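The exercises below concern a predicted model. Please work through each task with the sequence and the structure in view before reading the solution beneath it.

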Amino acid sequence: MSNIAPVGLLLLAYALGGAEAGARYPDCSNGPLKSNVVCDTSAAPEAPRQVSNSPGFSKLGLSAYQWWNEALHGVAHNRGITWANSGSFSAATQFPQAITSGAAFDDGLVEQMATVIGTEARAFVNAGRAHLDFWTPNINPFRDPRWGRGHETPGEDALRNKKFGEAFVRGMQGNDPKTRRVIATCKHFAAYDLERGGSATRFNFDAKVSIQDLAEYYLPPFQGCARDAKARSVMCSYNAVNGVPACANSYYLMDTTTDNQYVVSDCDAVYYLGNANGGHRYKSSYAAAVGAALEAGCDNMCWATDGTAPDAAAAFNQKQFSQDALDRAMVRQYQGLVKAGYFDGLNGMYRNLGAADVSYLALRVAQAGTVLLKNDDNTLPLTNLADGSNSVAMIGFWANAADKMLGGYSGSPPFNHDPVTAAKAMGIKANYASGPLNSGVDTSAAVSAAHKSDKESSDRSSIAWPAAQLSVIQKLAGLGKPVVVVKLGTHVDDTPLLSLPNVKAILWAGYPGQDGGIAVMNIITGIAAPAARLPMTMYPSGYTNQAPITNMALRPSGPYLGRTYKWYKDAVFPFGHGLHYTNFSISTQFPETFSIQDLVGSCKEMHLDLCAFESLNVTVTNTGPRPSDYVVLGFMSGDISNVIAGQAQAASLNWNLRSLARVDGSGNQILYLGTYTLLLGRPTVASVAFTLTGTEAVLDKWPQPN
Ligand SMILES: *[C@@H]1O[C@H](CO)[C@@H](O)[C@H](O)[C@H]1NC(C)=O
Ligand SMILES: *[C@@H]1O[C@H](CO)[C@@H](O)[C@H](O)[C@H]1NC(C)=O
């Protein structure tokens, strides 16, 4: 043990510094530390233990601590969290998964939702049932429709994910300048969006990404989450980026964590960084892998199940990492806890939070995130269902199976409202049918096919409707009655449904959470109006043959058609598509010219990309028959297409210079001269043109790799 350096003195200085103002050494004879074990020279030094399941440091009085807690859409069942069997802490609000809450395009709602999640999470912590660190949110852009974890994210757009992540972190951590409610973690850094693509797996995939795509697409959500919203932690991902595993990549880790966030590895990522079978084989031993991670700025190694636990003490003894790296890791990890009031005692802020009253917010988010994809002949809403004069057949594997609505990383909801139960509660004559209509169809296969689709550690091979389910829909559409299809999950290509005249309407609910059934029935019956937008491109099923999942490029080249609405042009439904029960017009007024030098010169922000641009005030008029929300999406078009998207109910689009900038081949954000056209609505309802004059300005200079 003797060659193991004692750890934690830096931490102690941080936590207790100032107790002996002006003193060079703590007073171990008469000062407040005299009976603390830190002053006990006979106590053995403790080994570094930079693992997620930390046994603590007894010399410092730091108890065991599980850094691994999850709350992607509500407090989840997960290592660090202990649920009660009944009563308080046997349930927590289960909101829609991010793909659905993201579809609401409403940052204010996201912040409210995350405030509830953070409040409940903190109540679990206060009750001794969880720890302060939550590895949430997942903000990787949903690059490929096959990705098994796409539903954990708010969708395919970098700017949307940036805004969602910022709002989520503000909600989780709270807005108090001194104390965080809990600690949020931006994951997975970076370019992680593949579980299993042919011979590549997430444990050994080397994502080849151009600097331009990194700066423009893969990294902005992390810049927003870490730099701007100040999440206290970042998770490095399994994959490598351009030859270097993310958790050993100091270029990315040190440049991102500019606010001294601690970095945690994804679980077992450090194991797969070394010489483990199926991994990167980036280092020749596990100890060398641990050293590479610690040196690069990965401060804590999550260990789940694969291999043995990473042994930081052994790696330190082998001189695989330096004392400086160890000190940095300790400071960054525990600094987060200091900032979340871990050392503030019983009267610290947020220590009073108990099981919270969250009323109907989960329902509101589910309604706000449900997208009306198709509505021929204004078939929806069905306003006369509840009067008992009509009956409805509800068919399908999730109509009365509420557990399908939650998605990955779920906890236990206080209740679980499936569509059939919701319909019956509304007085609707609902027949839940699966027998005769499903004859000849192997529904168990359909269920398991759908169940297998969106899942951690497996991607899909197909984005077509499962054949068994399509066959049921085709049979129903042949009966001569109007059919409404309600879709769960992420991507399936609706092309075969669009050619069935009796499939009058299609709703997409994603993973709508504990109130998903009520949300869907409220929309079907017109109690609520749909206003959400598709947060990802709906690709035709043949896309999977044209775009290998391992191709990270956004831009098309040759037979490769590119990715996302910015580059891919043959969508079945485009990103931002979403119908309403009414019609809208938009009017606006905007200046015609701006000088780049005035815009940049008058800005007081530390980072030029955050400088505000003139707010665009829009008036949205509902010209149709029903009240409804409306999300004003703005798409920037010009010589190079570029999005700015924002949400505004009926007021103003608040944007900044980043919204107008483009990223050059070296990753720099540049505000170019030229005429810009902002297209409002999808499809375009109004447009605004303006010109930037002067000379181009660099808003953010991208650090170049060595
Ligand atoms: C919206 O306007 C179009 C074109 O006038 C019309 O066909 C459609 O029925 C309207 N939708 C609603 C819900 O009123
Ligand atoms: C938009 O509205 C704000 C607040 O009313 C106002 O200050 C601003 O000048 C308006 N912008 C334009 C371009 O009219």
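## Exercise 1: Disulfides

A search of the whole structure finds five disulfides. Work out how the bonded cysteines are paired along the chain, determine the handedness of the link between Cys186 and Cys225 and of the link between Cys236 and Cys247, and establish where Cys298 stands with respect to disulfides.

**Solution.** Step one is the pairing: when the bonded cysteines of the protein chain are numbered in sequence order, the pattern reads 1-2, 3-4, 5-6, 7-8, 9-10.

Step two takes up Cys186 and Cys225, whose sulfur atoms are joined at an S to S distance of 2.1 Å. The torsion about their S-S bond is about -90 degrees, so this disulfide is left-handed. Cys186 belongs to strand β4 and Cys225 to helix α6 (residues 220–228), so the pair ties together parts that are 39 residues apart in sequence. Cys186 counts as buried at 0% relative accessibility, and Cys225 likewise counts as buried at 0%.

Step three turns to Cys236 and Cys247, which form a disulfide with their sulfur atoms 2.1 Å apart. Here the torsion is about 105 degrees, so the disulfide is right-handed. Cys236 sits in strand β8 (residues 233–236), while Cys247 sits in the loop between β10 (244–245) and α7 (250–256), eleven residues apart. Both Cys236 and Cys247 are buried.

Step four adds the bond that joins Cys267 to Cys302, with an S to S distance of 2.0 Å; at 85 degrees about the S-S bond, the link of Cys267 and Cys302 is right-handed. Both Cys267 and Cys302 are buried.

Step five concerns Cys298, which is in no disulfide, the nearest cysteine sulfur being that of Cys236 at 4.0 Å. As a disulfide requires sulfur atoms within 2.5 Å, the distance of 4.0 Å does not qualify. Cys298 is buried, with a relative accessible area of 0%.

## Exercise 2: Salt bridges

For the salt bridge of Lys187 with Glu70 and that of Asp377 with Lys504, state which parts of the chain are tied together, and decide whether each partner is buried or exposed.

**Solution.** The count comes to 19 salt bridges. In the pair of Lys187 and Glu70, the closest N and O atoms are 2.9 Å apart. Lys187 lies in strand β4 (residues 183–189) and Glu70 in the loop between β2 (65–66) and α2 (98–103), so the pair ties together parts that are 117 residues apart in sequence. Lys187 is buried, with a relative accessible area of 1%, and Glu70 counts as buried at 2%.

The side chains of Asp377 and Lys504 meet at 3.1 Å, N to O. Asp377 lies in the loop between β12 (371–375) and β13 (391–394) and Lys504 in strand β16 (residues 503–510), so the pair ties together parts that are 127 residues apart in sequence. Asp377 is exposed, with a relative accessible area of 63%, whereas Lys504 counts as buried at 19%.

## Exercise 3: Nonpolar cores

Which residues of the largest nonpolar core touch the most other members, and which helix supplies the largest share of this core?

**Solution.** Of the 143 residues in the largest nonpolar core, those touching the most other members are Phe134, Trp135, Tyr218, Phe321, Leu497 and Val503. Helix α3 (residues 107–126) supplies the largest share, ten residues. The core draws at least three residues from each of domain 1 (66–343) and domain 2 (362–567). Apart from it lies another core of 31 residues, including Cys603 and Trp655.

Technical notes: Residues are numbered from 1 along each chain as its sequence is written. Chains are lettered from A and ligands numbered from 1 in the order in which they are written. This is a predicted model: local features need pLDDT of at least 70, side-chain atom pairs count only at pLDDT 80 or more; totals for chains, interfaces and linings use all residues. Side-chain values use heavy atoms; hydrogens and water are left out. A salt bridge is a side-chain nitrogen of Lys or Arg within 4 Å of a carboxyl oxygen of Asp or Glu. Helices (H or I, at least four residues) and strands (E, at least two) are DSSP runs, numbered from the N terminus. Buried means under 20% relative accessible area, exposed over 50%, partly exposed in between (1.4 Å probe, protein chains only). A nonpolar core is a set of buried Ala, Val, Leu, Ile, Met, Phe, Trp, Tyr and Cys residues joined through side-chain atoms within 4.5 Å. Domain bounds come from an automatic or database domain assignment.
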